[in-house]
Amino acid sequence: MDESFTPPPPMSSSQHNHVKRMLNSNRFKSPSKTIYSDRFIPSRSASNFALFNLSPYTEDGCSCSPYGSALRSALFGPSTPNKFESPNIFRFKSETRQSMHSLSLTPFTSQDVLLPGYDYNHKPLKRPRKIPPSSFKVLDAPALQDDFYLNLVDWSSSNVLAVALENSVYLWNASSSKVTKLCDLGVDDSVCSVGWAPLGTYLAVGSNSGKVQIWDVSQGKSIRTMEGHRLRVGTLAWSSSLLSSGSRDKSIYQRDIRVQEDFVSKLSGHKSEVCGLKWSYDNRELASGGNDNKLLVWNQNSTQPILKFCEHTAAVKAIAWSPHTNGLLASGGGTADRSIRFWSTATNSQLNCIDTGSQVCNLVWSKNVNELVSTHGYSQNQIMVWKYPTMSKLATLTGHTYRVLYLSISPDGQTIVTGAGDETLRFWNVFPSRKSQMQEFSLMLDPEMYRGGTGIFFLDPL
């Protein structure tokens with residue numbers, strides 16, 4: 001024992017009771033006042049944050065800001081009420097456990113901009129494209145023939161429009177608006193068809209006499225004249241260096257401009273004038289339409305048709321291959337038929353038939369979108385834009401006062417030119433650009449690239 005230790009004096013009765021109450025405070029309750037815990041935890045789900053102007057509210061208690069609603073849901077839970085009947089700003093209660101997974105943040109940040117027309121819970125809402133109802137340019141084309149069986153207008157890949165007026169061919173440069181006269185067949189002949197080679201350097205000219213001329217446009221001279229047909233050549237179609245010509249003599253000639261012979265093969269199958277010819281985009285199949293109401297399909301080596309479609313009840317001039325689906329072919333019938341029919345050359349079957357209500361003169365398929373244009377004659381002389389495969393009408397365009405017999409599309413795929421017996425050429429903006437479609441496709445793949453604090457950016461597909 002330490003010599004310096006001095007024992008404490010004995011406690012009084014009151015001191016002893018005080019120490020006992022401290023040691024047993026968890027069981028002791030003061031008769032005069034309530035003991036409160038020193039830890040106060042507010043209940044956020046029961047708090048009226050509107051009193052602190054943390055988020056604006058409408059009369060129905062909903063947040064006016066989508067960002068505010070998303071933030072409230074992330075911080076306080078999706079079932080947090082926006083209004084409370086309690087007059088207290090805070091109310092204390094025991095805190096409940098909440099899973100950390102329920103506190104995952106939404107994609108919204110303070111820099112985000114909510115886009116109109118986009119549903120963030122589903123795929124983008126596509127706004128309907130507006131097609132101008134009127135042509136943006138009109139050119140006079142005096143003496144443009146009103147003949148259903150001829151093909152007198154074609155637009156080249158180099159952006160030059162060829163137009164046949166009686167016995168002459170004129171070139172209109174769409175970039176400079178310059179007009180030049182390419183050729184004149186003389187008073188004893190007339191032009192019945194024109195067709196550009198794929199590269200836009202050569203122009204084929206079919207005549208009433210049955211001859212086919214090849215013109216080098218850059219030099220402005222004819223490089224050869226090919227014979228074979230006995231009657232007028234009303235339709236032409238190119239496949240690389242191979243030129244197909246259709247005639248009133250019911251035949252189709254295949255001509256290779258690299259060889260000396262005027263033609264390399266003759267195709268026989270139609271029983272009346274051949275008025276429509278189109279090669280497929282892969283250059284494997286040739287479709288021909290005739291005044292015998294037949295649509296025939298040929299391959300590169302055949303002299304007899306490999307497929308015959310006989311459902312049309314009038315002449316078949318309008319023919320178009322889909323650039324989006326191999327073997328998908330569209331054809332249109334004349335006044336007694338009035339229908340557009342769709343065929344699969346892979347299955348040798350008809351896919352659909354649409355009654356347009358008037359003579360179908362031409363068809364062209366857009367390369368930029370899965371849509372097509374048809375031009376019409378008796379009795380409405382209209383131009384129609386269709387969505388494939390639903391065949392819903394996107395637009396009906398009017399302006400011509402005669403049958404819209406001629407149709408071609410610009411190299412960028414946005415503009416069409418139409419010609420009629422009213423001796424005018426009209427230019428229409430009907431299709432979107434390919435770049436805009438690539439941007440829309442990119443947005444559908446990744447909507448986040450359309451959202452941001454400073455602007456909109458896309459990768460250039462080219």
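**Exercise 1.** Is arginine 129 buried, partly exposed or exposed? Then find its acidic partner and say how far apart in sequence the joined parts are.

*Solution.* Keep in mind that this is a predicted model.
- Step 1: Arginine 129 has a relative accessibility of 33%. Buried means under 20% and exposed over 50%, so arginine 129 counts as partly exposed.
- Step 2: Arginine 129 forms a salt bridge with glutamate 371, and the closest N and O atoms are 2.7 Å apart.
- Step 3: Arginine 129 sits in the loop between α2 and β1, while glutamate 371 belongs to strand β23, so the pair ties together parts that are 242 residues apart in sequence.
- Step 4: Glutamate 371 is buried, at 3% relative accessible area.

**Exercise 2.** Which residue forms a salt bridge with aspartate 147, and which network includes the pair?

*Solution.* Let's go through it together.
- Step 1: The partner is arginine 232, with the closest N and O atoms 3.2 Å apart.
- Step 2: Aspartate 147 is in the loop between β1 and β2 and arginine 232 in the loop between β9 and β10, so this pair links parts 85 residues apart in sequence.
- Step 3: Aspartate 147 counts as buried at 19% relative accessibility, and arginine 232 counts as buried at 9%.
- Step 4: Another salt bridge joins aspartate 256 and arginine 258, whose closest N and O atoms are 2.9 Å apart.
- Step 5: As for the network, shared salt-bridge partners join Asp147, Arg232, Arg248 and Glu273.

**Exercise 3.** Where is lysine 308, and which residues gather with it in a patch of positive charge?

*Solution.*
- Step 1: Lysine 308 lies in strand β17, residues 307-309.
- Step 2: Its relative accessible area is 54%, so lysine 308 is exposed.
- Step 3: On the surface, Lys308 gathers with Arg230, Lys250, Lys266 and Lys271 in the positive patch.

Methods: Residues numbered from 1 in each chain as written. Predicted model: local features only at pLDDT ≥ 70, side-chain atom pairs only at ≥ 80, totals over all residues. Heavy atoms only, no water. Patch = residues over 30% accessible without salt bridge, like charges linked within 9 Å, V, L, I, M, F, W, Y side chains within 5 Å. Areas by Shrake-Rupley, 256 points an atom, 1.4 Å probe, with all protein chains shown as cover. Salt bridge = Lys/Arg side-chain N within 4 Å of Asp/Glu carboxyl O. Lys, Arg positive; Asp, Glu negative; His and termini not counted. Charge placed at Lys NZ, Arg CZ, Asp CG, Glu CD. Helix = DSSP H or I, 4+ residues; strand = E, 2+ residues; numbered from the N terminus. Buried < 20%, exposed > 50% of the residue type's maximum accessible area, 1.4 Å probe, protein only.
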